[in-house]
Amino acid sequence: MSENWLQTYLVEAVQKQLCTQIHCTTCGAREFRLGVLNALAMATDQPPQQSFDRQSVVEIARALAEVQPVPDELEKMEDAVRCLLFDLWSGLPFIDRDVETILDGTWAGRILRGMQEHQKATQEARRELEEYEDPVNVEKRREEKKRLKQEKHQERLALKKDRDQLWRERPDKMDSNE
C-alpha cells in the first residue's frame, strides 16, 4: 500500500476544486467521496467500493493520520479532511473510538476534535433553545413579565397618589381658587 495515497488524493482533489461541502444539496460531494474510495482501492489493490465499511474506515483513518496540511491550500485541505471525517464518523462507538485513537495527536485529529466540540456546542445551543421555547417556560416568562408590569404600575399609582396628596395640601392652591 502506498504510504501517502490519501495525501496525494487530497491535494489533487483540492487542486481540481472538487466539492467538499458536507451537506451539499447540488452534488453531495459525491465525486470527492467516491474518489477517496477509489484511491483506497488502488492503494490496497482491492475492488472499489461505493460506501464506507469498518475496514475502509480504519484504513482511511490510518492514512489520514499521516496527512499533512499544504500551506498554500490550508483552508481547502481542512474542508476536504472535514468532509472525509464526517463520512468516517459513524456514530457507532466501537468504530468511532478506533478513528479517534488512530488520529490522536495528528493534524486530522485536531480537526476531528474541533468538529466534536462544534457538535457539542450546537447540541447544547439546541437544547437551550428547546428549553427556552418550552410552553411551560414561555408561560412562566409571560407571567413574570405581567407581574413586573403590574408592580411598576402599582409603584406609579402610589407615586401619583403621593403627588396628588401634596398638591391638595399646598397652601397656594387655596389662593388660586378664590
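Biologist: How many helices and how many strands are there in the protein chain?
Modeller: This is a predicted model. Read along the sequence, the pattern is α-α-α-α-α-α-α-α. The protein chain therefore has zero strands, and its helices number eight.

Biologist: Why is the protein chain said to be more spread out than a compact globule?
Modeller: The globule rule gives 16 Å for 178 residues. The radius of gyration of the protein chain is well over that, so the chain is more spread out than a compact globule. The value is 32 Å.

Biologist: What does the C-alpha trace span along its principal axes?
Modeller: The trace belongs to the protein chain, and three spans describe it. They are about 115 × 35 × 35 Å.

Biologist: What share of the residues counts as buried?
Modeller: A residue is buried when its relative accessible area is under 20%. The protein chain has 178 residues. The share that counts as buried is 29%.

Biologist: What part of the exposed area do carbon and sulfur atoms supply?
Modeller: The protein chain exposes about 12900 Å². Of that area, carbon and sulfur atoms supply 51%.

Biologist: How far apart do the centres of the positive and negative side chains lie?
Modeller: The protein chain has 28 positive side chains and 35 negative ones. Each set has a centre, and the distance between the two centres is 9 Å.

Biologist: How many salt bridges are there?
Modeller: Side chains of opposite charge can pair when their charged atoms come close. Here the cut-off is a nitrogen within 4 Å of a carboxyl oxygen. By this rule the count is eleven.

Biologist: Which parts does the pair Arg-33 and Asp-87 tie together?
Modeller: The two side chains meet in a salt bridge at 2.5 Å, N to O. Arg-33 and Asp-87 are 54 residues apart in sequence, so the pair ties together separate parts of the sequence. Those parts are helix α2 (residues 30–44) and helix α4 (residues 74–88).

Biologist: Are Arg-33 and Asp-87 buried or exposed?
Modeller: The limit for buried is under 20% relative accessible area. Arg-33 has 16% relative accessibility. Asp-87 has 18%. Both therefore count as buried.

Biologist: Which residues are linked with Glu-78 in a network of salt bridges?
Modeller: Glu-78 forms a salt bridge with Arg-82, with the closest N and O atoms 3.7 Å apart. Both lie in helix α4, four residues apart, about one turn of the helix. Glu-78 is partly exposed at 23%, and Arg-82 is partly exposed at 28%. The residues linked with Glu-78 in the network are Asp-79 and Arg-82.

Biologist: Which helix holds both Glu-124 and Arg-127?
Modeller: These two form a salt bridge, with the closest N and O atoms 2.5 Å apart. Glu-124 is partly exposed at 33%, and Arg-127 is partly exposed at 39%. They are three residues apart, about one turn of the helix, and that helix is α6 (residues 107–133).

Biologist: Which residues does Leu-37 touch, not counting those up to four places away in sequence?
Modeller: Leu-37 lies in helix α2. At 3% relative accessibility, Leu-37 counts as buried. Outside that sequence window, Leu-37 touches Gln-49, Gln-50, Ser-51, Phe-52 and Ile-60.

Biologist: How far apart in space are Leu-37 and Asp-162?
Modeller: In sequence, Leu-37 and Asp-162 are 125 residues apart. In space, C-alpha to C-alpha, the distance is 82 Å.

Technical notes. Residues numbered from 1 in each chain as written. Predicted model: local features only at pLDDT ≥ 70, side-chain atom pairs only at ≥ 80, totals over all residues. Heavy atoms only, no water. Helix = DSSP H or I, 4+ residues; strand = E, 2+ residues; numbered from the N terminus. Rg over C-alpha atoms; globule rule 2.2 N^0.38 Å. Buried < 20%, exposed > 50% of the residue type's maximum accessible area, 1.4 Å probe, protein only. Areas by Shrake-Rupley, 256 points an atom, 1.4 Å probe, with all protein chains shown as cover. Lys, Arg positive; Asp, Glu negative; His and termini not counted. Charge placed at Lys NZ, Arg CZ, Asp CG, Glu CD. Contact = heavy atoms within 4.5 Å.
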